[in-house]
Amino acid sequence: AEYMGLVGMGRNGLQELLRKRKELLQYFHSKIELFAQQHSELLIRVPNNDISFALTMDRVPLSSITLLGSKLFYKSVSGPRVVQRNQQKKVCDIKFQGYGAHCDDYPHHYMAMSCAIGIEQDDIDTFITRLEKSWIDCTNVSQASTPISLQPTLPGDNDNDDSTIGSGKSTDDILS
């Protein structure tokens, strides 16, 4: 993707990006909806928000909820946010119930995502491929405890494989 600066692209350029995002929203939605159906999950649409939606994660074992987010991040997928139901956190002596969610008692674990400006159809396809592989790893209980391989990926490498970006740390250090 190229640098997006409002001055450089002008009004017409920005309008074109917004038009393309709106067009791709339907494609993204259909891909996520199919994924949800295939995995017996729900696609959560947010009223009055035409770019964001969420996918329930009720079939993912509790021990793998945040692992799924980690696996996606190490596959260079940085947009989705995983929220664990009933998560409690204490920050500066203030207790937060439902930490990370938009309400204290949301009934599902979920992954929030959006169809952001500048997205391309290839980005959506790559995301779905990487989500599928990570989802299977995390929902297969026998594999959920198996360490993942962190192999470096360079821009232009095959985006449909299981490559990840390595950090020089061991898998145990990263995922613990």
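**Notes on a predicted model**

1. Start with a helix pair. Helix α2, residues 65–73, packs against α3 at an angle of about 140°. Their axes lie 9 Å apart. The crossing of α2 past α3 is right-handed. From α2, the contact uses Leu67, Leu68, Lys71 and Leu72. From α3, it uses Arg130, Leu131, Ser134, Trp135, Asp137 and Cys138. Keep in mind that this is a predicted model. Two numbers do the describing here: packed helices are characterised by the angle and the distance between their axes.

2. Now take α3 by itself. Helix α3 covers residues 121–139, which makes 19 residues. How far apart should its ends be, at 1.5 Å a residue? The expected span is 27 Å, and the end C-alpha atoms are 27 Å apart, so the two values agree. The buried residues of α3 are Ile124, Thr126, Phe127, Ile128, Arg130, Leu131, Ser134, Trp135, Asp137 and Cys138. Compare that list with the α3 side of the helix contact, which includes Leu131 and Trp135.

3. Step back to the whole chain. The protein has 5 helices and 6 strands. Read from the N terminus, the order is α-β-β-α-β-β-β-β-α-α-α. Of the 176 residues, 34% are buried. The exposed surface is about 11,000 Å², and carbon and sulfur atoms supply 51% of it. Look also at contacts with a separation of 6 or more: 62% of them join residues 24 or more positions apart.

4. Next, the sheet. Four strands form an open sheet in the order β1-β2-β6-β3, with antiparallel pairing. Which strands stand at the edges? They are β1 (43–45) and β3 (81–83); each has a single partner strand, so one side of each has no neighbour in the sheet. On average, neighbouring strands of this sheet are turned by 25° against each other, direction ignored. Strands of a sheet pair through backbone hydrogen bonds, parallel or antiparallel.

5. Zoom in on one edge. Strand β3 is joined to β6 (residues 110–114) by 3 bridges, and the two run antiparallel. Find Arg81 to see one of the partnerships: its bridge partner in β6 is Ala112.

6. There is a hairpin to check too. Strands β4 (residues 88–91) and β5 (residues 94–97) run antiparallel and are joined by 4 bridges. Lys89 has Phe96 of β5 as its bridge partner. The hairpin leaves 2 residues between the strands. In the turn, Cys92 has a positive phi of about 50°.

7. Is Ser52 buried or exposed? Ser52 belongs to strand β2, residues 52–56. Its relative accessibility is 19%, and buried means under 20%, so Ser52 counts as buried. Beyond its neighbours within four places in sequence, Ser52 contacts Val46, Met113 and Ser114.

8. Finish with Leu42. Leu42 sits in the loop between α1 (6–38) and β1. Its relative accessible area is 48%, so Leu42 is partly exposed. Which residues does Leu42 touch, leaving aside neighbours within four places in sequence? They are Ala36, Ala54, Leu55, Thr56 and His108. Take Leu55 from that list. Leu42 and Leu55 are 13 residues apart in sequence, and their C-alpha atoms are 5.8 Å apart in space.

Notes
Residues are numbered from 1 along each chain as its sequence is written. This is a predicted model: local features need pLDDT of at least 70, side-chain atom pairs count only at pLDDT 80 or more; totals for chains, interfaces and linings use all residues. Side-chain values use heavy atoms; hydrogens and water are left out. Buried means under 20% relative accessible area, exposed over 50%, partly exposed in between (1.4 Å probe, protein chains only). Contact means heavy atoms within 4.5 Å. Accessible areas come from the Shrake-Rupley method with a 1.4 Å probe; for residues, only the protein chains shown count as cover. The expected span of a helix is 1.5 Å times one less than its number of residues. Two strands pair if DSSP finds at least two bridges between them. Axes are lines fitted to C-alpha atoms, for helices over the stretch in contact, and angles run from 0 to 180 degrees between N-to-C directions. A crossing is left-handed if the near helix is turned anticlockwise from the far one by less than a right angle, and right-handed if clockwise.
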